[in-house]
Amino acid sequence: MAASIGKHPCRLLWRTILSNGIRKTLVQRGLSSCQLFIEECGDPNEVLKNASIEIASPLASREVLVKMMMSPINPSDINMIEGTYFVQPPLPAVMGNEGVGKIAGVGKDVRGLSEGDWIIPADTAWGTWRNYKVALEEDVIKIPNDIPLLSAATLSVNPCTAYRMLKDYVDLKSGDVVIQNGANSGVGINVIQLAKEWNFKTVNIVRDRPDFERLKKYLMSLGADYVVTEEFVRKPEMKKLMKDLGSKPKLAFNGVGGNSATELIRYLGQGGVMVTYGGMSRRPVMAPTGALIFKEIKLCGYWNTQWNHRHADDLLRFEMLADLCSLIKKGKLSPPPCEFYALEEYKGAIRQATEGFKGGKMVFQME
Ligand SMILES: NC(=O)c1ccc[n+]([C@@H]2O[C@H](COP(=O)([O-])OP(=O)(O)OC[C@H]3O[C@@H](n4cnc5c(N)ncnc54)[C@H](OP(=O)(O)O)[C@@H]3O)[C@@H](O)[C@H]2O)c1
């Protein structure tokens, strides 16, 4: 039985108004929440602001009080702040699309959630960079609270993207080959681990860097079969590597665009599929004409937000989350390396997140 808000230990006097996604307090005593918001789009180092507000309202019958625990900074967050993301919330708005929170109070008609449950946002633009949020029960998804906090905080975007891209485009068989660029990204790391679990081979391309051997060792330790640099891909040795593989890749994942995407297309086998999910180089995808005509290569795109909209209440979505959590519990799926910041340290976190070769994800830790 869910605990009622009247029994919440804070015994708060709550009264708020909701103003374009930002709660402004009307009363004297309440729960203090720091939140990172924008009033206009622009350079993330300039337009993101911090406000401390009080949540001071009784919960409506179907509402829950969420105490955010951890939330990453993803490229889509940066794009949303810049105003270049495909969906934009009405402004002003609290930023942050992904994260994990704990239920700290429930309205009287909430049936599926109790205090202490862990939740993730059900949709994009939820505003996870804050301490507390009052949300509707249907705007959150309950997840197991016995997985590592960081895995929970980074569950709903990259692992789901990797999972769907491996399952939905090509009917891969054991031993089939997948090739990807941006292999050290959050998505790439999840692709490597899921492919290993499902017995697919991976050829992983990363940008060249002074500590490439260290990165290669790390990706191999996760289950990568081959790790090569963008420069290597253009050398004759790459052709030999592909020959040694025995069969050509049936599936390619492109999170970079530009020349890097063109190289992926070149190495796909007859009738292969390239799924574009990101464009980190901010360059368009270019396909050699012959690859489309003679090799019958197919190009398509995946967007996790769209998939979630189409499958909002489908069993398929909950099965996927259960599958991913089970792999996390077995130690077979781990998040990328992360650096932790308090919400108040957002300027440094954002600066770091907008740089290349950052070596991992910046993550806000609220408690
Ligand atoms: N379509 C979807 O549903 C979906 C879902 C999740 C993510 N995404 C997209 O996928 C991409 C990766 O996201 P993520 O969360 O996995 O990223 P992430 O963990 O933050 O990693 C960023 C990746 O991008 C690479 N990168 C950065 N700047 C680059 C540049 N100028 N040229 C080439 N590579 C560059 C980084 O490599 P270095 O180490 O070399 O800097 C790293 O591999 C983003 O574009 C994101 O928006 C899309």
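1. A good place to start is the pairing of strand 3 with strand 4: the two run antiparallel and are joined by seven bridges. Within this pair, Leu36 sits opposite Asn50 of strand 4. Please keep in mind as you read that this is a predicted model.

2. Strand 3 also has a partner in strand 6 (residues 93–94), again antiparallel, with two bridges between them. Here Phe37 has Val94 of strand 6 as its bridge partner.

3. How enclosed is strand 3? Seven of the eight residues in this strand (residues 31–38) are buried, so the rest of the structure largely encloses it.

4. Over in strand 4 (residues 49–55), do have a look at Ile55. Its relative accessible area is 2%, which is under the 20% cut-off, so Ile55 counts as buried. Between the C-alpha atoms of Ile55 and Ala104 there are 13 Å, while the two residues are 49 apart along the chain.

5. Now to the empty space inside. The structure has one cavity of 30 Å³ or more, and the largest cavity holds about 80 Å³ of space.

6. Which residues line the largest cavity? They are Ser151, Thr154, Leu155, Asn158, Pro159, Asn190, Ile328, Leu333, Ser334, Pro335 and Pro336. Sorted by class, the lining has six nonpolar and five polar residues, with no charged ones.

7. Where does the largest cavity lie relative to the domains? Domain 1 (5–154 + 336–365) and domain 2 (158–305) both contribute lining residues, so the cavity lies between them.

Definitions and conventions:
Residues numbered from 1 in each chain as written. Predicted model: local features only at pLDDT ≥ 70, side-chain atom pairs only at ≥ 80, totals over all residues. Heavy atoms only, no water. Helix = DSSP H or I, 4+ residues; strand = E, 2+ residues; numbered from the N terminus. Buried < 20%, exposed > 50% of the residue type's maximum accessible area, 1.4 Å probe, protein only. Pairing = 2+ DSSP bridges. 1 Å grid on protein atoms, 1.4 Å probe; cavity = no way out; pocket = protein on both sides within 12 Å on 5 of 7 lines; lining within 4 Å. Points joined across faces, edges and corners; volume = space filled by probe spheres on them. Nonpolar A, V, L, I, M, F, W, Y, C, P; charged D, E, K, R; others polar. Domains from an automatic or database assignment.
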